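Here is a friendly walk through one model, from its loops to its core and its aromatic rings. Keep the 3D view open as you read.

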Amino acid sequence: NPHARMLARLATELDLSFLDGIDVLAAPGRQPGHYYFEHDQHWNAAGHALFAEAIGARFAELFTKVGIP
């Protein structure tokens, strides 16, 4: 995904964390089709829930890294 690569590069340059939703939904063991509406490429409720979990995990990781309980 060229847009995700561009955002990842920008995040790196700005020393920001970047989480690619496509990578989250297509991780090994997952069925990507389960997370999208059948008629288009938008995430359905399951896709949004999975990405929300990934965001929560990333925040926990970052908070631990800087010493926030």
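Let's begin with Asp15, which is exposed, with a relative accessible area of 72%. Here "exposed" means over 50% relative accessible area, "buried" under 20%, and "partly exposed" in between (1.4 Å probe, protein chains only). Asp15 sits in the loop between H1 and H2, just after H1. Although Asp15 is not a glycine, its phi is positive, at about 60°. Most residues other than glycine have a negative phi.

A word on the ground rules: this is a predicted model, in which local features need pLDDT of at least 70 and side-chain atom pairs count only at pLDDT 80 or more, while totals for chains, interfaces and linings use all residues. Residues are numbered from 1 along each chain as its sequence is written, and side-chain values use heavy atoms, leaving out hydrogens and water.

**The first helix**

Helices are DSSP runs (H or I, at least four residues), numbered from the N terminus. H1 covers residues 2–13, which is 12 residues, and reaches 17 Å from its first C-alpha to its last. That is close to the 16 Å expected at 1.5 Å a residue, where the expected span is 1.5 Å times one less than the number of residues. What caps the N-terminal end of H1? Asn1 does, with a side-chain oxygen 2.9 Å from the backbone nitrogen of His3.

**The core**

A nonpolar core is a set of buried Ala, Val, Leu, Ile, Met, Phe, Trp, Tyr and Cys residues joined through side-chain atoms within 4.5 Å. The largest one has seven residues: Val24, Leu25, Tyr35, Tyr36, Leu50, Phe51 and Ala54. Helix H2 (21–25) and helix H3 (45–65) are the elements that give two or more residues to this core, and H3 supplies the largest share, three residues. In soluble globular proteins, nonpolar side chains tend to be buried together.

Within the core, Leu25 has contacts (heavy atoms within 4.5 Å) that include Arg30, Pro32, Trp43 and Gly47, not counting residues up to four places away in sequence.

**The loop between H2 and H3**

Two residues of this loop make a nice contrast. Gly33 is in the loop between H2 and H3 and counts as exposed at 61% relative accessibility. Asn44 is also placed in the loop between H2 and H3, but counts as buried at 15%. A polar atom of the Asn44 side chain lies 2.9 Å from the backbone nitrogen of Gly47. Leaving aside residues up to four places away in sequence, Asn44 touches His34, Tyr35, Tyr36 and Phe37. As for Gly33, its C-alpha is 9.5 Å from that of Trp43, with the two residues 10 apart in sequence.

**Aromatic pairs**

Rings of Phe, Tyr and Trp (its six-membered ring) pair if their centres lie within 6.5 Å; planes under 30 degrees apart count as stacked, over 60 as edge-to-face and the rest as tilted. How many aromatic pairs does this rule give? The count comes to two.

| Pair | Centre to centre | Angle between planes | Class |
|---|---|---|---|
| Trp43 and Phe51 | 5.0 Å | 55° | tilted |
| Phe59 and Phe63 | 5.7 Å | 20° | stacked |

In the tilted pair, Trp43 is partly exposed at 22%, whereas Phe51 is buried at 15%. In the stacked pair, Phe59 is partly exposed at 45%, and Phe63 is partly exposed at 38%. Phe59 and Phe63 are four residues apart in helix H3, so about one helical turn separates them.

How values were computed. A polar contact is a pair of N or O atoms within 3.5 Å; within protein, one must be able to donate a hydrogen and the other to accept it, and residues adjacent in sequence count only if both atoms are side-chain atoms.
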